[in-house]
Amino acid sequence: MQREFDARSFGVLVSLITAINQITYAFGPGVIGLLRDVSGSYSLPFYTCIGVELIAAALIMVRGSPAKASS
């Protein structure tokens, strides 16, 4: 985080990451269970999780590094 964001943003970023994690921990199992009930197997939830992970990885890779401002 030190390389990508200003030190003044640390508290906000840690809080945001924690909030996103807690939402995922709270609702993730229910969503997976609902997808399993709808489809009748764990194939749909499994492939959905893979798809979300691939999208997240692509977004991280596409974003790239911010341009450095010249002094």
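Let's start at G33, which is found in helix 1. Keep in mind that this is a predicted model. G33 has 26% relative accessibility, so it counts as partly exposed. Now look across to P45. The two residues are twelve apart in sequence. In space, their C-alpha atoms are 8.1 Å apart.

Stay in this region and move to L35. L35 also lies in helix 1. Is it buried, partly exposed or exposed? Partly exposed, because its relative accessibility is 22%, and buried means under 20%.

Which residues does L35 touch, once its neighbours within four places in sequence are left aside? L44, P45 and T48. So P45 comes up twice: as a contact of L35, and as the residue whose C-alpha sits 8.1 Å from that of G33. L35 can also be paired with F46. Those two are eleven residues apart along the chain, and their C-alpha atoms are separated by 9.5 Å.

F46 takes us to the aromatics. The structure holds one aromatic pair. It is made by F46 and Y47, with ring centres 5.5 Å apart. The planes stand at 65 degrees, so the pair is edge-to-face. The cut-off for that label is over 60 degrees. How accessible are the two partners? F46 is at 48% relative accessibility, so it counts as partly exposed. Y47 has a relative accessible area of 57%, and that makes it exposed.

Next, charges. Side chains of opposite charge can pair when their charged atoms come close. How many salt bridges does a search of the whole structure find? Two.

Take R8 and D6. Their closest N and O atoms are 2.4 Å apart. R8 is exposed, at 76% relative accessibility. D6 is partly exposed, at 39%.

Then D37 and R36. Their side chains meet in a salt bridge at 3.9 Å, N to O. That value falls inside the 4 Å limit for a salt bridge. D37 is exposed, with a relative accessible area of 58%. R36 is partly exposed, at 31%.

On to the nonpolar surface. Which residues form a patch there? M1, F5, F10, V14 and I17. Together they offer about 460 Å² of accessible area. One of them, F10, lies in helix 1, which covers residues 10-39.

Now the whole protein. It has two helices and zero strands. What share of its 71 residues counts as buried? Just the figure on its own: 3%. The accessible surface comes to about 6,400 Å². Of that, 68% belongs to carbon and sulfur atoms.

To recap. From helix 1, L35 is in contact with L44, P45 and T48. F46 and Y47 form an edge-to-face pair. R8 forms a salt bridge with D6, and D37 forms one with R36. A nonpolar patch on the surface includes M1 and F5. And 3% of the residues count as buried.

Methods. Residues are numbered from 1 along each chain as its sequence is written. This is a predicted model: local features need pLDDT of at least 70, side-chain atom pairs count only at pLDDT 80 or more; totals for chains, interfaces and linings use all residues. Side-chain values use heavy atoms; hydrogens and water are left out. Patches are made of residues with over 30% relative accessible area and no salt bridge: like charges are joined within 9 Å, nonpolar side chains (Val, Leu, Ile, Met, Phe, Trp, Tyr) within 5 Å. Accessible areas come from the Shrake-Rupley method with a 1.4 Å probe; for residues, only the protein chains shown count as cover. Helices (H or I, at least four residues) and strands (E, at least two) are DSSP runs, numbered from the N terminus. Buried means under 20% relative accessible area, exposed over 50%, partly exposed in between (1.4 Å probe, protein chains only). Contact means heavy atoms within 4.5 Å. Rings of Phe, Tyr and Trp (its six-membered ring) pair if their centres lie within 6.5 Å; planes under 30 degrees apart count as stacked, over 60 as edge-to-face and the rest as tilted.
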